[in-house]
Amino acid sequence: MNQHARPEIKPIPFIDIGAQRKRLGEAIDEAVAKVLDHCQFILGPEVRELEGQLSSFAGVKHTISCASGTDALMLVLLAKKIGPGDAVFCPSFTFAATCEVVALVGATPVFVDVHEDTFNMDVESLKKAIATAKKLGLKPKAVIPVDLFGLPADHDAVAAVAEENKLFVLDDAAQGFGGVYKAKKIGGIGLAAATSFFPAKPLGCYGDGGAVFTNDDELAELIRGLRVHGQLPGKPEFSHIGITGRLDTIQAAVLLEKLKIFPAEIAARNKIAARYSEKLGQYAIVPRVPEGYTSVWAQYTIRVQPGRRDGLAAALKAEGIPTAIYYAKPPHRHEAYKKFPAADGGLPVTEKLSHEVISLPMHAYLDESTQDRIVDAVKRALVG
Ligand SMILES: *Cc1c(COP(=O)(O)O)cnc(C)c1O
C-alpha cells in the first residue's frame, strides 16, 4: 500500500468539549471572572439563577442543584427514607451509579431487563422483578427508570406499573436531560428526576455537578436541607442526616452560559443522529426513537453481530476514530453488585446487548465531513 496516497489520519474526538469551549469563548471567561470577583463560591447568586432557569427549561416547580448526578439520585432516596429491607428496581443496562445509590442507602437494588430496540427498562421484566423482591421478603418501594443514551424511557408504562404497586418513580435522567417524552420534558416525570452535569453529558459543566427536579414542595424543601448536612432552609436544627452535596457557584456560572446554547445543541445532535442512521441503517442496527420521543443523544449506539464488534472497533481505531462500549459489562456482573437479585427470567436482553453495542463519536460539533469519514470507515469494516 502506498502510505503517501492515504489522507493524513487526524484523530477524531469522541466528544468534542473543546469545540464547544471555543464557541462559548469569552462568555464563560466572563461568567467565571464574575464569581471570582464576588467570592460567593458556595450557593452564590448564580446557583439560584441556574436553578430558576433549569426549572423553566424543564417545566418543573423545583430544581435543587447538587454536587453530582450520583448525589442527585441519592438525595431523593435519602429524602424518601429508603433503606434496609427496601427493594428499588433499576435497569441492568446502565451506568453503575443507578444501582450504587440504592446499595449506598442500605436498600436492595433489583435488576430489571431492558428492551433491545430502545435500551430502556422493560416493564414486563419490572413486573417480574417486583414479584421476585416480594418472594425475597423485600418491600418494593421505588423504581429508577433510566433515559439511556439520551432517549426517554417508556415513562407511561413505568408509571402504570409503579402506581399499581405503590412505587415512587425516580427518573435517572443523567443522560437524558433535555429530552422529551410525549410532549413532557424530562425532569417533570415521576416523583423526581436526577441529572448529571459531568462534562461529557449532554449538558455538562467543567467539573462535577448535578440536579434534582421535582414538583413536590415538601420533597424539594427536604432535599435542600439534605444537600447541606440535613439542616433545613432557615432552621437552626440539624433535623436530618445529610451530606455536603452542593453545586459550586463557578459551575453554576458555566452552566448558565451552556444552557443558552443547549436547545441549539440538542437540535444539532438530532440532525447528526438522523444522518448517521440514514447512512448506516443498512449496515448495522441503528437506534430507534419511538414516535413522540426526543433523544438528546448522550451516545449514538449501534448494534453489530457480536463476532464483528472487536474488528469494527479496531478498524476504526486504526483510522483515528474512537469508539466506546456502553456497557460491555453491565453492573449486575460487577464484583460489587453480583450479590443483588435480578428479575425472575433473568436479564437476557441486557446480556445480548452487552455483546452487540458500540457507540460512535457524538457531539453537537461533529461536522459533515468528519461524520462522513466515520460512516465510510464503519461501512468498510462491516462490509469487508
Ligand atoms: C453519569 C451517570 C450518573 C452519575 O452521574 P455523576 O454526575 O457522574 O455522578 C448516573 N446515572 C447515569 C445513567 C449516568 O450516565
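**Terms and values at Asp172, Pro287, Glu46 and the ligand**

Mentor: At 3.1 Å, the side chain of Asp172 reaches the backbone nitrogen of Ala174. The model is predicted: local features need pLDDT of at least 70, side-chain atom pairs count only at pLDDT 80 or more, and totals for chains, interfaces and linings use all residues. Residues are numbered from 1 along each chain as its sequence is written, and side-chain values use heavy atoms, with hydrogens and water left out.

Trainee: What makes the approach of Asp172 to the backbone nitrogen of Ala174 a polar contact?

Mentor: A polar contact is a pair of N or O atoms within 3.5 Å; within protein, one must be able to donate a hydrogen and the other to accept it, and residues adjacent in sequence count only if both atoms are side-chain atoms. The 3.1 Å between the Asp172 side chain and Ala174 therefore meets the limit. Asp172 belongs to strand β5, residues 168-172 (strands, E, at least two residues, and helices, H or I, at least four, are DSSP runs numbered from the N terminus).

Trainee: How do you know that Asp172 has no salt bridge?

Mentor: The nearest side chain of opposite charge is that of Lys201, 6.8 Å away. A salt bridge requires a side-chain nitrogen of Lys or Arg within 4 Å of a carboxyl oxygen of Asp or Glu, so this pair does not qualify. Asp172 is nevertheless buried.

Trainee: Why is Pro287 called buried?

Mentor: Its relative accessible area is 16%, and buried means under 20%, exposed over 50%, partly exposed in between (1.4 Å probe, protein chains only); therefore Pro287 is buried. Pro287 is found in the loop between α9 (249-280) and β10 (293-294). Leaving aside residues up to four places away in sequence, Pro287 touches Ser277, Trp297, Tyr300, Thr301 and Ile302 (heavy atoms within 4.5 Å).

Trainee: What makes Glu46 buried rather than exposed?

Mentor: Glu46 has 8% relative accessibility, and therefore counts as buried. Glu46 is in helix α3, residues 45-58. Its side chain makes a polar contact with the side chain of His38 at 2.9 Å. The C-alpha atoms of Glu46 and Thr249 are separated by 6.0 Å, although their places lie 203 residues apart along the chain. Thr249 is among the residues that Glu46 touches.

Trainee: How do you know that Lys352 and Glu116 form a salt bridge?

Mentor: Their closest N and O atoms are 2.9 Å apart, so the pair satisfies the limit for a salt bridge. This pair links distant parts of the chain, with Lys352 in helix α11 and Glu116 in the loop between β3 (108-112) and α6 (123-135), 236 residues apart. Lys352 counts as partly exposed at 35% relative accessibility, and Glu116 does too at 33%. Both belong to a network of salt bridges with Arg303 and Glu356.

Trainee: Which residues are closest to the ligand?

Mentor: The closest are Gly69, Thr70, Asp172, Ser196 and Lys201, among 14 residues that surround the ligand (a heavy atom within 4 Å). A polar side-chain atom of Thr70 lies 2.5 Å from a ligand oxygen, and an N or O atom in the Ser196 side chain lies 2.6 Å from one. Taken alone, the ligand exposes 380 Å², and the protein buries 92% of that (Shrake-Rupley method, 1.4 Å probe; for residues, only the protein chains shown count as cover).

Key: Lys and Arg count as positive and Asp and Glu as negative; His and the chain ends are not counted.
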